[in-house]
Amino acid sequence: MIRKRVTIGALLMLSALVVIALADVVGARCLQADERHLDGIIGNARRRANTYRRVNLTDAPLDQNAAVSYQLAFKDLAQLPHDAFPRVRDAVDQ
Amino acid sequence: MHSRVFETPSTNEPATAETTFRQYCQGIRSPHVSDGLRCTRCDWMMDVNLSEPPGAPYFPQTGILGHCLLLAGQLDQNAGNRRAAADRYFQAMAYASDLGQGSWPMALAGISTGKRAVRALAQLVSSVQDDALLLRVIRQELSLLQNATPSLNPGLSWDAAHLANHLYEIEYSYLSRQSTAAGRLWPWQAIGAWRLSPSMRLAGRLDAAGAAADLDQLRQLGPQIDMDGVPGRGAVAYALPPNWDALVQEADNVRELLSAVQMTVPLQEWRLAHGGYPASLPFDQASPGYDLSYRPSPDQHAYQFVSRTGAIVLDVNDGASQTRAAR
């Protein structure tokens, strides 16, 4: 009787381990698919940023990244008084 | 380290456009700005860990630069130099489009600048009484701006990338739990996949929104994104800006206004040739998607463009123009 109970218990344990292992195999596959999806999303954002081309209508084009120049300009503009933006905006809207 | 001295506003000096420009806008004459406006690319080098470009936030500098470009154009226009004014407005429009490639706050500044730039172009075009050559140039350049209005898509796309990066970290945390002996007795990968599932759907929707060319599609995706991002629903919480619908509407308004302004140029050319505006549109809609109604005044010295909802998008009256946003 005891041997039978031990056997049943062992079989239940084994089944539980098998279920856990199978669930994890399925989970691992899902995570792999998720990883590819996440790679794709990050890649899409980078690709969209790389493929954007500026419209330049007024000057000879310069094959450089405008964001670098703007960031330097923003550093200079950061030294303006705190009320500069509302004042300039009001002047435009007058 | 260097410091800059800015001209202090005199209390006796009225705040005219000239004085405001002199006090706050000298920076737009710097080589950084002129070089930036000539560049062929604009990649803000966004960091997926932060969802912001390096050095951000740039507010209010983003707004100052755009509005200073517009102010420079207005001063040129007031001085009678319409060609230079048009150049400044086009530069402001291109800059607004550049801002739309960055994060949310940058896109907002881009929409604000872009709206005012298109409005200024409408004002400029309707004031041209004798310069057919300038109208031809503006018409050509406006056609190039068709797809260069500030957009909400890149901000969404970067949010999707930021979220994806965060989900990677969460996924890694589930994988690393398996490295211990006790961890192998529990299906952490299955639990992780289950926990990540709603957030994966959220990231996918944000990515789709980042690619959506149609603003109606963006409107539809908004509630779905907010629902997937509710705290506790998935591994991460996410919410679109609270004024999302208003933002999409603003982006739409800029496109609609640009569509109207594109039609003001041939109408102004018609006026130069015939002495008044035509009784009906003598050409097709610039953007059929907006289907603006053309309503000339009985004396044909004024007209309005009216949207499908009945809102006046542009009101041109004998050399003066008003837009919906300015009314």
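This passage describes how helices of chain A pack against chain B in a predicted model. Local features need pLDDT of at least 70 and side-chain atom pairs count only at pLDDT 80 or more, whereas totals for chains, interfaces and linings use all residues; side-chain values use heavy atoms, without hydrogens and water. Residues are numbered from 1 along each chain as its sequence is written, with chains lettered from A and ligands numbered from 1 in the order in which they are written.

Helices here are DSSP runs (H or I, at least four residues), numbered from the N terminus. Helix α1 of chain A spans residues 2-51, and helix α7 of chain B spans residues 153-176. Their axes come within 9 Å and cross at roughly 150°. Axes are lines fitted to C-alpha atoms over the stretch in contact, and angles run from 0 to 180 degrees between N-to-C directions. α1(A) and α7(B) are therefore roughly antiparallel (over 145 degrees). On the side of α1(A), the contact (heavy atoms within 4.5 Å) includes L31(A), L38(A), I41(A) and R48(A). On the side of α7(B), W158(B), Y168(B) and L175(B) are among the residues involved. The contact divides into 13 nonpolar, three polar and six charged residues. Ala, Val, Leu, Ile, Met, Phe, Trp, Tyr, Cys and Pro count as nonpolar; Asp, Glu, Lys and Arg count as charged; the others, Gly among them, count as polar.

Helix α2 of chain A (residues 66-77) packs against α3(B) at an angle of about 100°, with the axes 9 Å apart. The two helices are thus roughly perpendicular (65 to 115 degrees). Y70(A), F74(A) and L77(A) meet Q61(B), T62(B), I64(B) and L65(B). This contact has five nonpolar, two polar and no charged residues. S69(A) also lies in α2 of chain A. S69(A) is buried (under 20% relative accessible area, 1.4 Å probe, protein chains only), at 9%. Beyond its neighbours within four places in sequence, S69(A) is in contact with H32(B), D35(B) and G36(B).

In helix α3 of chain A (residues 84-93), A84(A), F85(A), V88(A), A91(A) and V92(A) are buried. Seen down the helix axis, they fall within an arc of 130° (taken from the directions from the axis to the C-beta atoms), so they line one face of α3(A). An α-helix has 3.6 residues a turn, so residues three or four places apart point the same way. The buried residues of α3(A) pack against α1 (17-24), α3 (61-78) and α5 (104-127) of chain B.

Q91(B) sits in helix α4 of chain B (residues 82-99). Q91(B) is buried, with a relative accessible area of 11%. Leaving out residues up to four places away in sequence, Q91(B) touches T58(A), D59(A), L37(B) and L69(B).

Methods: Buried means under 20% relative accessible area, exposed over 50%, partly exposed in between (1.4 Å probe, protein chains only). Angles under 35 degrees count as roughly parallel, over 145 as roughly antiparallel, 65 to 115 as roughly perpendicular and the rest as oblique.
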